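The following paragraphs lead the reader through a protein model, beginning with the contact between its chains and ending with the interior of one of them. Please keep the sequence and the structure in view while reading.

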Amino acid sequence: MRKRRFSGSINNGAIADVSFLLLIFFMVVTTFNHQYKLEMALSAHRDESLVRSNSKSDVLEIYINANDEILIADKPRDRLVLDELTDLLMSLIEAPDDNVVLLHIHPSSSYEQYLHVLDELKLAREHLIWEKADQVYNKSLKELNELELSIVKKEVRFKIREKEIL
Amino acid sequence: MKFKSKKHKVPEINTTALPDIILMLLFFFMVTTVMQDASISDINLPVLNNSRRLDVDSNMLEINVSASMGSVLLEVEGDRFTLSESLVQFDHVFNQFHRNGLVKQNAVIYGDGELRMQDINLIKDALRKHNIQNIMYAHARI
């Protein structure tokens, strides 16, 4: 039987350590992909003509054009900035009755931009609810009870309507 | 020439633990694996800040819309068709639900971020015809 002439030895005491390190690394780093949703009630018609119940309701018009640019009140903005949007919404909800944010959407605009606008609107609304809760009740949102919460939400209420730019 | 070989004996890797490790890995993956519906996998969901988790239940109609290959591919409950074909097929899929007594009230749209709004509007038109009340737009988070 031939003996092996050259034999090296790998010190394999470290293999266990390395494998545990790798295991712990991946245990710490791995995340599962959750999916998130943006919920909207489905409107009754595709082009919602603006129905002003009375002259006291106010409308904020936001345009998304074919180049995915967002224009509010004829001033183009590259991205909706949350602070500006909350200011605009604040003046919107001061009108007492049904307040409407009307989105004019060009059919060639991207879906992603549309979702960005909806997302910013929802975030701005939540921001306003926080502020209202602080202003009216001087409490943070978590400290409000059911009745107070419903009152504050009612104050900061607006509808989002969509219209197609033809 | 003979020489004395003062070679160390090569220590062998003790492999008695290997089947244990392999079985452990197997059980781990058996427990944690969730089967994905065989659906369109090239949808890039848009990335947003919103923090409402999406929990899909059987009351929801799942619509996968992908925009690759130059045409819009729509998949609803395993039926796949292109959106440029008439939405008659879409109606057909819905009618199957009604026949089976399944009434869906909510729809979840898994849409690629680069879809055009005209496609989404077509889908929403079809959903309106079938009394869907709420739409959830699925997206990913940063």
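A salt bridge is here a side-chain nitrogen of Lys or Arg within 4 Å of a carboxyl oxygen of Asp or Glu. In this predicted model, the side chains of B:Lys124 and A:Glu162 satisfy that rule, with a distance of 2.8 Å from N to O. The count between chain B and chain A is one salt bridge. Polar contacts across the interface of chain B and chain A amount to 14 residue pairs, both residues of each pair being at pLDDT 80 or more.

Several elements of chain B supply the side that touches chain A. Strand 1 (47–48), strand 5 (106–111), helix 3 (117–129) and strand 6 (134–141) of chain B each provide at least two residues of that side. Helix 3 of chain B gives the largest share, nine residues. By residue class, the side of chain B that touches chain A comprises 21 nonpolar, 12 polar and 10 charged residues.

The extent of the interface can be stated both in residues and in area. In chain B, 43 residues are in contact with 37 residues of chain A. Between them, the two chains bury about 3,600 Å², and 55% of this area lies on carbon and sulfur atoms. On the side of chain B, the residues that lose the most area to chain A are B:Met117, B:Arg128 and B:Tyr137, which together account for 19% of what that side buries.

Strand pairing also crosses from one chain to the other. Strand 1 of chain A (residues 36–41) and strand 6 of chain B run antiparallel and are joined by six bridges. Within this pairing, A:Glu39 has B:Met136 as its bridge partner.

Attention may now turn to pairing within chain A, where strand 5 (residues 100–105) has two strand partners to be considered. With strand 2 of chain A (residues 59–64), strand 5 runs parallel, and six bridges join the two; A:Val100 of strand 5 is the bridge partner of A:Val59. Strand 5 of chain A also pairs in the parallel sense with strand 6 of chain A (residues 159–164), again over six bridges. Here A:Ile105 has A:Glu164 of strand 6 as its bridge partner.

How many of the six residues of strand 5 of chain A are buried? Six of the six are buried, and the strand is mostly covered. Both of its faces are covered: A:Val100, A:Leu102 and A:His104 are buried on one side, and A:Val101, A:Leu103 and A:Ile105 are buried on the other.

Terms used
Residues numbered from 1 in each chain as written. Chains lettered and ligands numbered in written order. Predicted model: local features only at pLDDT ≥ 70, side-chain atom pairs only at ≥ 80, totals over all residues. Heavy atoms only, no water. Buried < 20%, exposed > 50% of the residue type's maximum accessible area, 1.4 Å probe, protein only. Helix = DSSP H or I, 4+ residues; strand = E, 2+ residues; numbered from the N terminus. Pairing = 2+ DSSP bridges. Contact = heavy atoms within 4.5 Å. Buried area = accessible area lost by both parts, 1.4 Å probe. Polar contact = N/O pair within 3.5 Å; in protein donor to acceptor, adjacent residues only side chain to side chain. Nonpolar A, V, L, I, M, F, W, Y, C, P; charged D, E, K, R; others polar.
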